[in-house]
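Colleague: Could you take me through one helix of this model in some detail, and through the core around it? I would like the cut-offs along the way.

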Amino acid sequence: MQKLLESVDVLAISEHWLYADELTILDNLHNDFLYYAKTSEQNNMNTRWKRGQGGVAIVWKKHLKAQRLLLGNDRIVAIKFRMNNQNYVFCSIYFPSTNSNLADFIDTLTCLNAVCTQLSYREEQIIIAGDFNVHVSDPRSGQRENNRGKLLLEMFAEFDMFPVNVDMPCMGPLFTYYSSCGNSVVDYIFASKNIERIVKCVKVGDEHPCNLSYHLPLIAGIEISAGINCHESSNNLENEYERIAWRKCASEQVLEYQRRLNDTIITMDDTLYTSDDVENYYCLICRSIKSSDKCLPRAKYKKSIKPYWNNELKRLKTACMELHKKWTSEGRPRGEQYESFRLYKDAKRLFRKEQRKMVRKTEENDFKELSEASEIDHIRFWKYVNRRRKKKRSTNVLTTNDGRTISNPEEIADDPITLKEIEDVLTELPNNKAPGDDGITYEHIKYSGDILAAKLLILYNKIIELEYIPRQFKLGIKIPIPKGGKSCASKFDDHRGITLLCTFNKIFERLVLNRLQNKIRCRPHPLQGAYQAERDALTTSFVIDESTKHCCEENDKVFACYVDVSKAFDK
């Protein structure tokens, strides 16, 4: 799938076999893609099989800005995106297998009919892909239509939809499903008739050693143009961004990046009167940076971690790859009478069996650790604490170093930001930090030269003068990070949210914070250890221990409240 994602924008996955707590695997396929997945209702977490059943998913590129749709049942997932002033809905579906009874097939068909009816009222272009487990008459492979295929075509005819890989020229292997029981075409892409004119190519993907499924990928190229203006693309900048390998940048490449950026932004109009001018000014800076960094080397994304992988699997995969090359060099003959085909299939079957064995063993070890974990219920404790806690009253009054109180925010920003303040902040920026929604990193700004710093000076002073924060400054990418230890990765409360903010916004906040620290007298409690210089957990532990012993000597009661102390200190 990772190889497929290098050449597609949307990927439909049928029968992924994942449980609900395993769906995050899809998030590790590629950094530039998002996913929407459902697991089968038959997957019982308490009575897990060696593997899950069913399940559907869609993986799409972030730049599509797709919206997840709550449609259908556990066999249908759908997303919607807008391009060229037209809404497109992409669905991934998995029909019951031919071994299931007809009633299950009719239920899924009825659900799909309801989804298509709902979408057709909105005049949206529909694309549905997946494993339909039916036979549609296909002149290319000589396949005949069965009863389920006839029912499916009658339903799609009501919505003026057609099977793309049957009605249009299709390249590649004749079938999409190869097994010892027989070969057939059961995977289809159905689309609205209006899309037929923009379908450029259809093909069935070739056999690959890493493909452990009996199905081959079905690919359709649909040409959709998209016009994006400055405001619409401001929160789309990160989606087009490729991570840059700053550590591998040579000095000549950095100088070339500076030259390109300076040549671009030096011609920008620095006259800003309204909030729209601020938005456009910020957008132009971002676009100039992104267009100038094309000369810098890109970093490859890290592939998903496979904890079950070992040397035996590596050896089996290598042997499978070698036999696949031999089979390909002989023209990809199919049939047990061909030795190259037979040896390749045996090696692939052995690799698949060993891989599933190791995955199952790894999962069993993980669940054993989870079952031994115990959690403490803090609900009753916090109810009591919150009842006795005094409500705080917010105040905007600040105290300066000379004892004077400040209630007017304009007194903090009475003087314009200077170029020296910006340069001081830029020199302290760290490296190798993840960008925000705009895709701009600290290195982009640190290595940009003096001209960008001057442009930022104009931008930040206008933000203060107009009292307007650009919309992009308010956006962030929130990533849930498992807490680890004995926490359960499938529970929402056992994740810690990390928000990636806009780089320009963080620089602006640092400028404001420096002024606050210079003007305002911060008076923390003398016993406070968190967020204080030269204070650590050990010092706080000594204070607690000494206080407890003193109370015991005086025969006083001791009340201790521990509130997630590990979050307040660096380990």
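Modeller: Happy to; here is a look at helix H3 and its surroundings. This is a predicted model, in which local features need pLDDT of at least 70, side-chain atom pairs count only at pLDDT 80 or more, and totals for chains, interfaces and linings use all residues. Residues are numbered from 1 along each chain as its sequence is written, and side-chain values use heavy atoms, with hydrogens and water left out.

Helices here are DSSP runs of H or I with at least four residues, numbered from the N terminus. H3 covers residues 147–158, and its end C-alpha atoms lie 17 Å apart, which agrees with the 16 Å that its 12 residues should span at 1.5 Å a residue; the expected span is 1.5 Å times one less than the number of residues.

Buried means under 20% relative accessible area and exposed over 50%, with partly exposed in between (1.4 Å probe, protein chains only). In H3, Arg-148, Gly-149, Leu-152, Met-155 and Phe-156 are buried. They cover an arc of only 125° around the axis, so they sit on the same side of H3; the arc is taken from the directions from the helix axis to the C-beta atoms. The face turned away from that buried side carries exposed Asn-147, Ala-157 and Glu-158.

Phe-156 touches Leu-112, Cys-116, Ile-128, Phe-132, Met-161 and Phe-190, leaving aside residues up to four places away in sequence; contact means heavy atoms within 4.5 Å. Just after H3, Asp-160 takes a positive phi of about 55°.

Definitions and conventions. Helix = DSSP H or I, 4+ residues; strand = E, 2+ residues; numbered from the N terminus.
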